[in-house]
Amino acid sequence: MKKKISAPNVFGEFTWQSRYYNFDNNFYFNAHLFNTRNLFFLLVIYSFIHGWFNHTLWALTISVSFYLFYSFMRARLLAQNLQVKRIAESKGREKEDFEIHYEISNGSGFFLPAFSFRQKFDGVQDGSFEVVAPEGIDPQTRKRLSVKVPLNAGMGIREMGDFCMHVHDELSLFPYRVDFSGTQEIEVHPLIVETPQLIKSISPDSTEFGFYDVQKKGDSNLFIGTREYRHGDPIKNVNWKLSRKSMKLIVNEFEKNTNTYITLLLDLELNSQVGLGAISTWEAAKDLALSIAANEIKFRNYVQVLSQDIHIPFGTGEAQMVSMERHFTYHEMAKSGIDHLVHLQGLPSQSQIYFFCPLIHTRNITETLDVLKKLRLMGHRVTVFGLDPYQGMKKAASKDAFAPLLIAGEEARKQFSVVSDDLKRAGIPFVRLDVSEKISLRDMIRVRAKHLIDMRPQ
């Protein structure tokens, strides 16, 4: 990292700014003038003047002068021989702790007292965090400091920037400012948590071996072949005779064993989002969508993602998860529009659609819900998740913003109460989830979407 040293303005403390002279400012500048460094300078001047009459004061003058010179050189050498190396991973995950290491070298011959500095980092909500070295650093030694900060400012590319340290002597007579410049980009990936297995529609059109049984006449008798057991395969399909012969678990494959097709539909329009950072519908929608996708891909289901500027076609496996995660990490808020709904045409029959939207009544969301009602009539299963950030924002907001947030939250819930009743009549479950740093979406699903959790043994 590049280093720049700013020397103290030794005589700048004596500058008198008379243009601000009044009672309040006069008090301020007098308080500014009286400090430790000026006290030593006044002591030297006093001893020098009175030394003409009493020569014993010359000893005090010379001693204080030497001490001032020593303190000045000590602070200067500490600043010149201070080196800092910052070490951090290039990737992190949202809402998890991110560890940063600092190797601080004191190459001078003097002890570096305890110090602290603030590191700029837009990956945290405050925009910076404090690093503290409470014990100081001995001469000619190196010390390693480690700091853990929560990545609570949202996903995406976050920049860790400059910081400055203040170095001074023991009495703080000569403070030096040492600026360290150098940026580092951190990729903050979405948070993926294990969600409960949700009840979903099972598509009979799949030709791949899967986890679900399609109740279709005649399919249950069509034997395809055998293969080795994989995690998640139903125990009832184990071929015990072949397993004993081969000393491996062998399962039978039937045409009725199939996958399902899942569409994750997100409203990521800029004007629809509510909240900031981790407490926002923007972040919560992507976190919840990825978590559900990870759970479904584990059972070899096919998942596609649709949003204003995102279309990830149906796929499964690790490659599909990597693609989704990278899209969500680098994706910015989208322009208005519902053109992406065209991809809902030609879906496999009886597929599952999850729609994630902010708890705000907009034209785009209303039009999307109308399209989903039609798809429900065509045999697709639809579930709508309304993301409510007002409770979390209310806890984090100041007292001045408390009342407007409370009013906005109550109004949004009233509007979506009507929407929920309308969706219920159309056979579409609506689940309201609170967005908060303290409450995980996984726990909220278990409470608010208990009626949608698949209780069958997995």
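## Glu325 and its salt bridge

In this predicted model, E325 is buried, its relative accessible area being 13%, a value that falls under the 20% cut-off for that class. The side chain of E325 nevertheless has a charged partner, since R93 forms a salt bridge with E325 in which the closest N and O atoms are 2.9 Å apart. R93 belongs to strand β3 (residues 91-93) whereas E325 belongs to helix α6, so the bridge ties together parts of the chain that are 232 residues apart in sequence.

The two partners can also be set side by side by their accessibility: R93 counts as partly exposed at 25% relative accessibility, while E325, at 13%, is buried.

## Helices α5 and α6

E325 also takes part in the meeting of two helices, for it is one of the α6 residues that, together with Q320, M321, M324 and F328, meet K286, A289, L290, A293, A294 and I297 of α5. The axes of helix α5 (residues 281-298) and helix α6 (residues 318-330) come within 11 Å and cross at roughly 175°. Angles over 145 degrees count as roughly antiparallel, and α5 and α6 are therefore roughly antiparallel to each other.

## Salt bridges in helices α9 and α10

The salt bridges in the model come to a count of 18, and two further examples lie within single helices. In helix α9 (residues 399-425), E410 and R413 are 3 residues apart and thus separated by about one helical turn, and their side chains meet in a salt bridge with an N to O distance of 3.5 Å. E410 is partly exposed, with 39% relative accessibility. This pair also belongs to a wider arrangement, because D388, E410, R413, R432, D434 and R448 are linked in a network of salt bridges, where a bridge requires a side-chain nitrogen of Lys or Arg within 4 Å of a carboxyl oxygen of Asp or Glu.

In helix α10 (residues 441-448), D443 and R446 are likewise 3 residues apart, which places about one helical turn between them. Their side chains form a salt bridge at 3.9 Å, N to O. Both residues are partly exposed, D443 with a relative accessible area of 36% and R446 with 46%.

## A nonpolar surface patch

L42, I45, F48, I49, W52 and F53 form a nonpolar patch on the surface, and together these residues have about 700 Å² of accessible area. Among them, I49 lies in helix α2 (residues 36-50) and is partly exposed, with a relative accessible area of 45%, which is above the 30% that a residue must exceed in order to be included in such a patch.

## Two loop residues with positive phi

Q140 has a phi near 55°, a positive value in a residue other than glycine. Q140 is placed in the loop between β6 (128-133) and β7 (141-150), and with a relative accessible area of 58% it is exposed.

For Q350, phi is near 55° and so positive, again in a residue other than glycine. Q350 is found in the loop between α6 and β20 (352-358), and its relative accessibility of 38% makes Q350 partly exposed, as it falls between the 20% limit for buried residues and the 50% limit for exposed ones.

Notes
Residues numbered from 1 in each chain as written. Predicted model: local features only at pLDDT ≥ 70, side-chain atom pairs only at ≥ 80, totals over all residues. Heavy atoms only, no water. Patch = residues over 30% accessible without salt bridge, like charges linked within 9 Å, V, L, I, M, F, W, Y side chains within 5 Å. Areas by Shrake-Rupley, 256 points an atom, 1.4 Å probe, with all protein chains shown as cover. Helix = DSSP H or I, 4+ residues; strand = E, 2+ residues; numbered from the N terminus. Buried < 20%, exposed > 50% of the residue type's maximum accessible area, 1.4 Å probe, protein only. Axes fitted to C-alpha atoms, helices over the stretch in contact; angles between N-to-C directions. Parallel < 35°, antiparallel > 145°, perpendicular 65-115°, else oblique. Contact = heavy atoms within 4.5 Å.
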